[in-house]
Amino acid sequence: MLALSRKKNEAIIVNNNVEITILDIKGDQVKLGISAPREVPVYRKEVYVQIQESNKEAMNMDNMEGLQNLLG
């Protein structure tokens with residue numbers, strides 16, 4: 001993991017097309033601004049994990065239904 005120090009209104013660039021800017025710092029909370037092309041999905045990690053879990057569950061359900069259809 002790369003750890004960087006940034007101050008308010010400073011930014012980093014990722015992959016030449018994503019800019020992450022520190023908008024505000026209050027206590028232990030940091031507000032970020034993210035500029036990225038529309039085709040680049042940006043999620044909070046907890047939301048991303050939920051999406052991945054839901055996708056896995058859906059694939060397992062699809063596989064079970066397909067197996068039941070094969071077995072009659």
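Me: Which residue in the turn of the β1–β2 hairpin has a positive phi?
Reply: β1 and β2 form a hairpin with three residues between them. Strands are DSSP runs of E, at least two residues, and helices are runs of H or I, at least four, numbered from the N terminus. The model is predicted: local features need pLDDT of at least 70, side-chain atom pairs count only at pLDDT 80 or more, and totals for chains, interfaces and linings use all residues. In the turn, the residue with a positive phi, about 60 degrees, is N15.

Me: Over how many bridges do β1 and β2 pair?
Reply: Residues are numbered from 1 along each chain as its sequence is written, and side-chain values use heavy atoms, with hydrogens and water left out. β1 spans residues 11-14 and β2 residues 18-26. Two strands pair if DSSP finds at least two bridges between them. These two run antiparallel, and the number of bridges is four.

Me: Which residue in β2 is the bridge partner of A11?
Reply: A11 falls in β1, residues 11-14. Its bridge partner in β2 is T21.

Me: Is T21 buried or exposed?
Reply: T21 lies in strand β2. Buried means under 20% relative accessible area, exposed over 50%, and partly exposed in between, with a 1.4 Å probe and protein chains only. At 17%, T21 therefore counts as buried.

Me: Which residues does T21 contact, leaving aside its neighbours within four places in sequence?
Reply: Contact means heavy atoms within 4.5 Å. Three of the partners are N9, E10 and A11. T21 also touches K31, L32 and G33.

Me: How far apart in space are T21 and K7, C-alpha to C-alpha?
Reply: In sequence, T21 and K7 are 14 residues apart. In space, the C-alpha separation is 9.2 Å.

Me: Which residue in the turn of the β2–β3 hairpin has a positive phi?
Reply: β2 and β3 pair in the antiparallel sense over seven bridges. They form a hairpin with two residues between them. Phi is about 60 degrees at G27.

Me: Which residue in β3 stands opposite D24?
Reply: D24 is in strand β2. Opposite D24, in β3, is K31.

Me: How far apart are the closest N and O atoms of K8 and D24?
Reply: A salt bridge is a side-chain nitrogen of Lys or Arg within 4 Å of a carboxyl oxygen of Asp or Glu. K8 and D24 form one. This pair links distant parts of the chain, 16 residues apart, with K8 in the segment before β1. The closest N and O atoms are separated by 3.7 Å.

Me: Which residue is linked with K8 and D24 in a network of salt bridges?
Reply: The structure holds four salt bridges. K8 is partly exposed, at 48% relative accessibility. The network takes in K8, D24 and K26.

Me: What is the N to O distance in the salt bridge of E10 and R6?
Reply: E10 is partly exposed at 28%, and R6 is partly exposed at 39%. Their side chains meet at 3.6 Å.

Me: Which residue forms a salt bridge with E46?
Reply: E46 is partly exposed at 46%. Its partner is exposed, at 55%. The closest N and O atoms are 2.7 Å apart, and the partner is R44.

Me: Why does the aromatic pair of Y43 and Y48 count as tilted?
Reply: There is one aromatic pair. Rings of Phe, Tyr and Trp (its six-membered ring) pair if their centres lie within 6.5 Å; planes under 30 degrees apart are stacked, over 60 edge-to-face, and the rest tilted. Y43 and Y48 have ring centres 6.2 Å apart, and the pair is tilted because the planes stand at 40 degrees.

Me: Which strand gives the largest share of the nonpolar patch?
Reply: Patches use residues with over 30% relative accessible area and no salt bridge, joining like charges within 9 Å and nonpolar side chains (Val, Leu, Ile, Met, Phe, Trp, Tyr) within 5 Å. Areas come from the Shrake-Rupley method with a 1.4 Å probe; for residues, only the protein chains shown count as cover. I25, V30, L32, I34 and V42 make a patch of about 420 Å². Three residues come from strand β3.

Me: Where is V42 found?
Reply: V42 is partly exposed, at 45% relative accessible area. It sits in the loop between β3 and α1.
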